[in-house]
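Here are my notes for your reading of this entry, set out as numbered points. Please keep the structure open beside them and look up each residue as it is named.

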Amino acid sequence: MAGSERPIVIVGASLGGAKAAEALREAGYRGGIVLIGEEHERPYERPPLSKGYLLGKDDREKIYVHPPQWYGEHDVTLRLGTAVAAIDPAARTVTLADDGEVAYGKLLLTTGSVPRRLPVPGADQDGVLYLRRVEDSDRIKAALRPGARIAVIGAGWIGLEVAAAARTAGAEVTVLEAMELPLLRVLGREVAQVFADLHRDHGVDLRFGVQVTGLTGAGGTVSGVKLGDGSEVAADAVVVGIGISPATALAEAAGLEVDNGIKTDQHLRTSAPDVYAAGDVANAYHPLFGKHVRVEHWANALNQPQTAARAMLGQPDAVYDRVPYFFTDQYDLGMEYVGYVEPGGYDRVVFRGDPATREFIAFWLSGGRVLAGMNVNVWDVTDPIRELVRSQRAVDPKALADPDVPLGEV
Ligand SMILES: Cc1cc2nc3c(=O)[nH]c(=O)nc-3n(C[C@H](O)[C@H](O)[C@H](O)COP(=O)(O)OP(=O)(O)OC[C@H]3O[C@@H](n4cnc5c(N)ncnc54)[C@H](O)[C@@H]3O)c2cc1C
Ligand SMILES: NC(=O)c1ccc[n+]([C@@H]2O[C@H](COP(=O)([O-])OP(=O)(O)OC[C@H]3O[C@@H](n4cnc5c(N)ncnc54)[C@H](O)[C@@H]3O)[C@@H](O)[C@H]2O)c1
């Protein structure tokens with residue numbers, strides 16, 4: 001590629017953005033790459049922020065995607081602390097918030113997502129904490145002292161992982177969830193119960209079906225959570241994990257098609273020429289499922305940018321059709337999940353092993369076909385589970401439940 005050509009510009013310098021830059025170089029692209037991010041840290045991974053890093057087990061150096069010298073060595077211009085304010089697909093430029101413009105040949109949006117804010121009175125006080133960035137994790141870590149009263153709002157991934165870290169640090173934890181079980185929309189009732197039991201067994205006060213109506217405080221610092229039934233939960237700190245919104249503002253303002261994220265085709269091309277999207281922000285057409293799917297997990301931000309990079313380089317076989325994958329670690333429970341199930345989109349759950357032992361595999365089925373599988377404290381089975389999901393063939397539920405039948409033979 002000629003050095004005078006417009007560079008490939010990547011907006012969003014996190015896992016997705018850094019992996020795209022890496023993939024472009026690995027594919028042999030020799031033109032300019034400009035990676036722009038509003039955070040001041042070089043690209044890092046978020047999973048440790050609610051696990052090892054939050055627990056003080058992983059040191060900070062472990063969170064970064066690349067060592068600092070990697071960017072110079074690979075001729076990637078990294079512009080940190082720089083927010084992009086607008087993109088102009090007609091002129092093929094991005095405008096920086098602190099003035100200035102960068103012209104692009106191709107543009108990749110890996111702007112990720114932002115936490116939803118709690119819409120109640122008192123939510124702007126000190127001690128009300130969200131978890132997205134490394135500095136958020138530092139703030140929460142400081143609050144997790146033995147005996148501290150921590151109220152967690154939302155029993156999703158953030159809420160449960162923070163609750164586990166807080167209990168491990170010796171804090172008193174109350175989790176307040178709007179629905180009847182944790183992770184209900186993702187896991188369904190049968191498997192969500194496993195996580196409720198896990199946290200109860202570790203001394204978390206779990207309250208379901210609650211409505212948070214406000215946060216109390218004194219002198220600008222939070223002191224409790226008010227609930228719809230008139231009761232109050234006293235708290236030294238409140239951690240809010242009530243979901244995210246994809247960061248689509250730039251795309252929307254530029255007239256790109258946006259619907260639950262930036263819509264892309266299977267090559268991760270958006271509705272604007274030469275503009276691509278990947279990671280949390282992309283609602284990408286998935287050929288295996290025959291629909292658009294937006295995945296808010298690490299493996300998607302790791303892998304999609306590799307497809308986007310190859311697509312930007314004009315490789316027609318660059319199609320993203322991986323089966324979604326994610327994982328969690330809470331106390332002594334480790335799990336991996338492969339597949340994709342829409343809320344309520346299954347008709348049967350089959351267990352291989354007893355969920356009460358917390359060593360089992362759960363499968364979600366519809367019409368006899370496996371939509372997803374989750375291995376809990378059972379390892380080295382994601383490949384056969386992925387194959388079951390990918391094959392979309394009907395299986396014998398009895399064989400699926402039988403640990404003596406290899407997964408490849410059910
Ligand atoms: C605490 C935590 C723990 C997690 N744990 C797990 C886990 O265990 N397993 C799992 O599968 N997933 C986990 N996830 C989810 C996973 O981290 C995300 O799916 C992943 O970070 C998405 O990566 P991304 O690059 O698409 O976006 P992000 O990580 O959101 O990064 C987007 C970047 O773009 C920047 N940006 C946005 N707009 C602009 C702009 N206009 N100008 C410049 N920069 C901009 C943002 O500041 C940000 O740095 C976790 C998430 C969090 C927050
Ligand atoms: N292990 C993992 O894969 C992992 C870990 C951490 C974070 N993440 C990602 O980070 C993002 C944010 O996670 P999250 O836990 O905030 O979102 P989430 O969508 O996983 O869970 C949000 C939870 O908050 C509840 N909720 C919503 N509004 C509420 C309210 N007003 N009061 C009480 N409860 C309410 C919902 O019912 C839901 O259970 C997600 O994209 C998630 O996938 C993933």
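1. Which helix gives the most to the lining of the largest cavity? Bear in mind, as you look, that this is a predicted model. The helix to find is α5, which spans residues 184-201 and contributes five residues to that lining.

2. The cavity itself deserves a careful description, since the structure holds one cavity of 30 Å³ or more, and the volume of the largest cavity is about 30 Å³. Its lining is made up of L184, R185, V186, L187 and G188, together with V341, E342, P343, G344, Y346 and W364. Sorted by character, these lining residues comprise seven that are nonpolar, two that are polar and two that are charged.

3. Turning to ligand 2, you will find 19 residues surrounding it, and the closest of them are I158, E161, E177, E296 and F327. By character, the shell around ligand 2 consists of 10 nonpolar, six polar and three charged residues.

4. Some contacts with ligand 2 involve the protein backbone, and they are worth locating one at a time. An oxygen atom of ligand 2 lies 2.8 Å from a backbone N or O atom of I158, while for G241 the distance from a backbone N or O atom to an oxygen atom of ligand 2 is 3.4 Å. At F327, a polar backbone atom is found 2.7 Å from a nitrogen atom of the ligand. As for how far the ligand is enclosed, ligand 2 on its own has 850 Å² of accessible area, and the protein covers 79% of this.

5. It also helps to ask which elements supply the shell around ligand 2 with two or more residues. They are helix α4 (157-168), together with β11 (172-177) and β22 (325-330), and the largest share, three residues, comes from α4.

6. Finally, please look at the aromatic side chains, for the structure holds nine aromatic pairs. One of them is formed by W157 and F326, whose rings meet edge-to-face, with 5.3 Å from centre to centre and 70° between the planes. This pair links distant parts of the chain, as W157 belongs to helix α4 and F326 to strand β22, and the two are 169 residues apart. When you trace the pair, recall that α4 and β22 are also among the elements that give two or more residues to the shell around ligand 2.

Methods: Residues numbered from 1 in each chain as written. Chains lettered and ligands numbered in written order. Predicted model: local features only at pLDDT ≥ 70, side-chain atom pairs only at ≥ 80, totals over all residues. Heavy atoms only, no water. Near = heavy atom within 4 Å. Polar contact = N/O pair within 3.5 Å; in protein donor to acceptor, adjacent residues only side chain to side chain. Areas by Shrake-Rupley, 256 points an atom, 1.4 Å probe, with all protein chains shown as cover. Helix = DSSP H or I, 4+ residues; strand = E, 2+ residues; numbered from the N terminus. Nonpolar A, V, L, I, M, F, W, Y, C, P; charged D, E, K, R; others polar. 1 Å grid on protein atoms, 1.4 Å probe; cavity = no way out; pocket = protein on both sides within 12 Å on 5 of 7 lines; lining within 4 Å. Points joined across faces, edges and corners; volume = space filled by probe spheres on them. Phe/Tyr/Trp six-rings, centres within 6.5 Å; stacked < 30°, edge-to-face > 60°.
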